[in-house]
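This briefing covers how two protein chains relate to each other and to two DNA strands. The model is shown first, and the points follow by topic.

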Number of protein chains: 2
Amino acid sequence: MLVHDESAAVHLLQRQAIKPTAQRVEIALLLLQEHQHLSAEQVLERLRRRGKAVSKATVYNTLRLFAARGIVQQVIVDPERVFYDSNTSDHFHFYNVDQGALIDLAPDELHIPELPALPSGTVQEAVDVIVRIRDK
Amino acid sequence: MLVHDESAAVHLLQRQAIKPTAQRVEIALLLLQEHQHLSAEQVLERLRRRGKAVSKATVYNTLRLFAARGIVQQVIVDPERVFYDSNTSDHFHFYNVDQGALIDLAPDELHIPELPALPSGTVQEAVDVIVRIRDK
DNA sequence: GTTCATGCAAAGGATTTGCAAGTTA
DNA sequence: TAACTTGCAAATCCTTTGCATGAAC
């Protein structure tokens, strides 16, 4: 869910029983202003560019917390870094390996038919589809 | 492609213009004896268990080389480790997040319909489908 | 006042790399 | 011999953690 102002961000965090500290609100405002995919380092860099002083540890801790609460979603496509996706609804991704950039597939662009039966004793958690692409 | 004896392993490597050193042949024989998904550390551990002395650096270098030559395929599902898949044909995976284990989906179990149009200026490299599961 | 969060620096863990010694063709 | 590979240890990179200071309720 996107938020565009501080009070919306504060409410979102409170709804998840997260104390809305200044740093967390800043990170929420940055990440949830639009659908995007950012690594922890990218979040840190953009906060800095905005003149916000947030430590690396807090960025990592906060992103982990947000992911655990379902405010953002981790995307695992590259062993080098985890991406955090502000779009938490069901959708799939292109991953441009040359640019290290994720792009959403429109939800109607790819439809997964029936899923196969799961191994017994397991439950489904998520389905990830990554179309890996590179520059021509 | 699987190999079950030393001479087949040597030929496979030579076909890819890879010098068939003792260590590389051992790794190929271990990995390509059957369809499986092993991390670098698992490969190292199994080599040791077989009494083969191969350094960690060589295991990592060799797996990277094999992947670059298409002898095995990297599978990115966990930020903690890369898996190497001895099955290089088109197929998808379950990933049991509790066990850290990959399981092949039978190729006919999930059929991806038409793929969406790629972003312009890009070419497709691969399609990964991961069904994340956990123990009930 | 407690409890929780922040931030620094240090610790961790997977992977890569520099380089000297050993191997391969 | 010329080129490449191995293996050790050190270096990297991303991420987590310990702990003292600081903020929140």
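**Two copies, two DNA strands**

The interface residues of chain B are 100% shared with those of chain A, so the copies meet through the same surface (contact means heavy atoms within 4.5 Å). The model is predicted: local features need pLDDT of at least 70 and side-chain atom pairs count only at pLDDT 80 or more, while totals for chains, interfaces and linings use all residues. Residues are numbered from 1 along each chain as its sequence is written, chains are lettered from A and ligands numbered from 1 in the order in which they are written, and side-chain values use heavy atoms, with hydrogens and water left out.

**Symmetry**

- A turn of 179° with a shift of 0.0 Å along the axis lays chain B on chain A with an RMSD of 0.1 Å (least-squares superposition on the C-alpha atoms of residues with pLDDT of at least 70 in both).
- This is the relation of a two-fold axis.
- Val129(B) has the C-alpha nearest the axis in chain B, at 2.3 Å.

**DNA strand D**

- Around DNA strand D there are 17 residues, of which Tyr60(A), Glu80(A), Thr21(B), Gln23(B) and Arg24(B) come nearest (near means that a heavy atom of the residue lies within 4 Å of the strand).
- Sugar or phosphate holds 85% of the strand D atoms within 4 Å of the protein, and bases hold the rest.
- Polar contacts are pairs of N or O atoms within 3.5 Å; within protein, one must be able to donate a hydrogen and the other to accept it, and residues adjacent in sequence count only if both atoms are side-chain atoms.
- The side chain of Thr21(B) places an N or O atom 2.7 Å from a phosphate oxygen of strand D, and a backbone N or O atom of Ser55(B) lies 3.1 Å from a phosphate oxygen of strand D.
- H4(A) supplies the largest share of the surface near strand D, 5 residues (helices are DSSP runs of H or I, at least four residues, and strands are runs of E, at least two, numbered from the N terminus).

**DNA strand C**

- Of the 18 residues around DNA strand C, those that come nearest are Thr21(A), Gln23(A), Tyr60(B), Glu80(B) and Val82(B).
- Phosphate oxygens of strand C lie 2.7 Å from a side-chain N or O atom of Thr21(A) and 3.0 Å from one of Thr58(A).
- H4(B) gives the most to the surface near strand C, with 5 residues.
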